[in-house]
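Here is my note on the model you sent, as numbered points. Please read it with the structure open.

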Amino acid sequence: MVQQAALTIIGVAGTLLCFLGGSSLGPMGAMLNVLTPLPISYLCMRFGLRTGVTATSLTVLALSFMLPLPTLLTYAALFGCSALLLPTMLLRRFSWERAVALTVCCVVALALVLVGSYVVVSGQAPATLIDHYLQNEIDTAMQVYQGADLDQQQLQQMEEVARQVADFIRDTFVGLYIAGVLAVQLLTLLLLQRLRKDHYQIEGVPFPALRLPAVLIWVLILVGFSLLIPQESIQLVARNGLAVLLPLYFMQGLAVVADFLQKRAYPAALKGMIYVMVFLFNPLPLIVTGVGVFDLWVDFRRPRQKK
């Protein structure tokens, strides 16, 4: 009981640190931000849903004294909901892939409800809200660059790059949001798996054996060809669709890489280095995504007979 109470307090503190760190620690804070659901999810897996609800309530109470209501709702939509949903489904013996998919759907649905309610109350269009959000992010980035002793020409170049990125995000905001929610759930799941020891079990296929539904490839092909249609509204939907589908096929390609490494007696440090390269060094992410796409036809994980 004492250990449970102590871990609950640590979990609440860790959640606050991860969520608030995004606005105060720069790029490192952004990395902390995606870990926000982990402490409460771990408490749920270790001690049950009641402990998770208690920790979430304490977190919301603490945030209510520090943040305005819109930011508090952001925590609820992005992290608070998923921190309880994902472990609850895992504890009910849902497979991890099904639990992640349902959690993403629930989080996105909740976000739509919250955004829709805010739009109705404030009278502002969703596009205006996105523009305000992106402008705030540009202003924050420029403040960081101005403190980095860059000359005026370099500052102008960085501002131009920031605005180009903002334009891309504006056109694919919905798709990138869904992909971001998916990434947060997968990272949380990975860390829960690492922390499980003998406290709980996570059901589902081993990651190296992961395969997306075959029908999804035809959705990808349809969305890809839709980009060729000279109509802005169709292209907008297609760009957002690709923002969701391509990360899914990157995940399948990563499963192929994991299967390959699992069958090789490489040192753990070398395997870790390969994973880092796959994520960070171009054009490896594109190659891995291509492997995920063509895995349906080529089946890279099929045992090859030696001649």
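Is aspartate 295 buried or exposed? Aspartate 295 is buried, with a relative accessible area of 0%. The model is a predicted one, and the points below should be read in that light.

1. The partner of aspartate 295. Aspartate 295 forms a salt bridge with arginine 301, and the closest N and O atoms of the pair are 2.5 Å apart. Arginine 301 has a relative accessibility of 8%, so this residue also counts as buried. The two belong to a network of salt bridges that links Arg211, Asp295, Asp299 and Arg301.

2. Aspartate 299. This member of the network sits in the segment after H13. Aspartate 299 is partly exposed, at 21% relative accessible area; the cut-off for buried is under 20%. The backbone deserves a look as well: aspartate 299 has a positive phi of about 55°, although it is not a glycine. Most residues other than glycine have a negative phi.

3. Arginine 93. A second positive phi, of about 70°, is found at arginine 93, again not a glycine. Arginine 93 belongs to the loop between H5 and H6 and is exposed, its relative accessible area being 52%. The side chain of arginine 93 takes part in a salt bridge with glutamate 203, with 3.0 Å between the closest N and O atoms. Glutamate 203 lies in the loop between helix H9 (173–195) and H10, whereas arginine 93 precedes helix H6 (96–122) in its own loop, so the pair ties together parts that are 110 residues apart in sequence. Glutamate 203 is partly exposed, at 33%.

4. Aspartate 131 and arginine 170. The structure holds 8 salt bridges. One that joins two helices is formed by the side chains of aspartate 131 and arginine 170, at 2.6 Å from N to O. Aspartate 131 is in helix H7 (residues 126–146) and arginine 170 in helix H8 (residues 152–171), so the bridge ties together parts 39 residues apart in sequence. Both partners count as partly exposed: aspartate 131 has 30% relative accessibility, and arginine 170 has 33%.

5. H3 against H5. Two packed helices are described by the angle between their axes and the distance between the axes. For helix H3 (residues 38–47) and helix H5 (residues 69–91), the angle is about 25° and the axes are 9 Å apart. That angle makes H3 roughly parallel to H5, and the crossing is right-handed. H3 contributes Ile40, Ser41, Cys44 and Met45 to the contact, while H5 contributes Tyr75, Ser82, Ala83, Leu84, Pro87, Leu90 and Leu91. By class, the contact has 9 nonpolar and 2 polar residues, with no charged residue.

6. H4 against H5. Helix H4 (residues 49–64) packs on H5 at an angle of about 170°, with 10 Å between the axes. H4 and H5 are therefore roughly antiparallel. On the H4 side the contact involves Leu49, Gly52, Val53, Thr56, Thr59, Val60, Leu63 and Ser64; these meet Leu72, Tyr75, Leu84 and Thr88 of H5. The contact divides into 7 nonpolar and 5 polar residues, and no charged ones. Tyr75 and Leu84 of H5 are listed in the contact with H3 and in the contact with H4.

7. Arginine 46. Arginine 46 is placed in helix H3. What does arginine 46 touch, not counting residues up to four places away in sequence? The contacts are Gln3, Leu7, His199 and Tyr200. For histidine 199, which is 153 residues away along the chain, the C-alpha atoms are separated by 6.0 Å.

8. H10. Leu216, Ile217, Leu220, Val223 and Ser226 are buried in H10. The buried residues of this helix pack against helix H11 (232–262) and helix H13 (284–298). Isoleucine 221 is also in H10 (residues 216–226), but this residue counts as partly exposed, because its relative accessibility is 30%. The C-alpha atoms of isoleucine 221 and leucine 242 are 9.8 Å apart, the two being separated by 21 residues along the chain.

9. A cis peptide bond. Asparagine 282 and proline 283 are joined by a cis peptide bond, with omega about 5°. Most peptide bonds are trans. Proline 283 is located in the loop between helix H12 (268–280) and H13.

How values were computed: Residues are numbered from 1 along each chain as its sequence is written. This is a predicted model: local features need pLDDT of at least 70, side-chain atom pairs count only at pLDDT 80 or more; totals for chains, interfaces and linings use all residues. Side-chain values use heavy atoms; hydrogens and water are left out. Axes are lines fitted to C-alpha atoms, for helices over the stretch in contact, and angles run from 0 to 180 degrees between N-to-C directions. Helices (H or I, at least four residues) and strands (E, at least two) are DSSP runs, numbered from the N terminus. Angles under 35 degrees count as roughly parallel, over 145 as roughly antiparallel, 65 to 115 as roughly perpendicular and the rest as oblique. A crossing is left-handed if the near helix is turned anticlockwise from the far one by less than a right angle, and right-handed if clockwise. Contact means heavy atoms within 4.5 Å. Ala, Val, Leu, Ile, Met, Phe, Trp, Tyr, Cys and Pro count as nonpolar, Asp, Glu, Lys and Arg as charged, and the others, Gly among them, as polar. Buried means under 20% relative accessible area, exposed over 50%, partly exposed in between (1.4 Å probe, protein chains only). A salt bridge is a side-chain nitrogen of Lys or Arg within 4 Å of a carboxyl oxygen of Asp or Glu.
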